[in-house]
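Me: I've got a model open and want to check the labels against the numbers. Can you go through the reasoning with me?

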Amino acid sequence: MKIQKLACDLQVHPFGNKIKAIDILRQMERNGLDLVCLLDFSWHKLVDLYTVMFANEELDFYYKVDMNFSKKTYRFINKKTRKRLFIILGREVAPLDQSWHILSIGVTYIQNLHSVEGIIDEILEKGGIPIFDHPYVDACPSHRFRDISSEKELELTHVCSKYLNRIALEWNGLLIPWVRSIMPNGYDDLANKKTSVLAEILRMPLVATTDLHAWNRRMLKPLGTARIVISSGNIDENNALDCLKRHILEGHFKTNKKYVSFLHFLEVFLHSDWLKRK
């Protein structure tokens, strides 16, 4: 069956055991989403989380569930409305020095963590979609998401140039400009703007994600605040990951850039371990 449209949020982080797949599916339907990517930072935690998340009798009652294991893709068919929904698994991964964050869409286990280029190569070899996550914000924990240095800007341009037409950049819905502008030394409000400029200069695809972090069902409400929409009218539901990859890398999508509310940002901030970092 061909699908006319896919509204996608490519970065969703569920934490703990209070969120089930059916909670995500219901929020997707409320918010007009067709596809989300669930990402985690640890492979072992991810396995435990999704084992709990998808083992749910209520889910089986309301949805028909199919999984393409090799593509890490779940397809859900609402038994009442026949609407198709997709969840693709992945991972937010960083090299050992934590210098960058890469969204690994459709690939959950990465072995080569010695460099960002090694990570990208492995994702590509396994058929996934590598996306530079908040590239102008320093991912190293000791730097607390400050702006990257000029040296790292040069490295970013070099890596992007090397992988043109094979990777994408990300516009991040958590990087609220006015919040960053009032933070102390090392922060500015231009992170997303710089990413947009780089994407335009290098003619790279730029995807918008909410970067949703949720510890409970209520925190799922902003799902899809930032999103991309694919409207080709020729999307094969049996190959959702491959279709997503093709449309992203060819630039055949529309981007909805919108920031989460400050209240949601604040709740994420208070739930995270950011305050504990040295």
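Me: What makes R84 and E237 a salt bridge?
Reply: This is a predicted model, and in it the two side chains come to 3.2 Å, N to O. The cut-off is 4 Å between a Lys or Arg side-chain nitrogen and an Asp or Glu carboxyl oxygen, so the pair qualifies. R84 sits in strand β6 and E237 in the loop between β13 and α8, so the contact ties together parts that are 153 residues apart in sequence.

Me: Why is R84 called buried?
Reply: Its relative accessible area is 17%, and buried means under 20%, so R84 gets the label. E237, at 6%, counts as buried too.

Me: What makes E117 and K162 a salt bridge, and are they buried or partly exposed?
Reply: Their side chains meet at 2.6 Å, N to O, which is within 4 Å, so the label holds. E117 is in helix α4 and K162 in helix α5, 45 residues apart. E117 has 22% relative accessible area and K162 has 40%; partly exposed runs between 20% and 50%, so that word fits both.

Me: Which residues does the salt-bridge network join?
Reply: K64, D66, R75, R84 and E237, through bridges that share partners.

Me: How do you know that β2 and β12 pair?
Reply: DSSP has to find at least two bridges, and these strands have 3, antiparallel, so they pair. One of the partnerships is L6 with I230. β2 also runs parallel to β3, again over 3 bridges, with C8 opposite L35.

Note on methods:
Residues numbered from 1 in each chain as written. Predicted model: local features only at pLDDT ≥ 70, side-chain atom pairs only at ≥ 80, totals over all residues. Heavy atoms only, no water. Helix = DSSP H or I, 4+ residues; strand = E, 2+ residues; numbered from the N terminus. Buried < 20%, exposed > 50% of the residue type's maximum accessible area, 1.4 Å probe, protein only.
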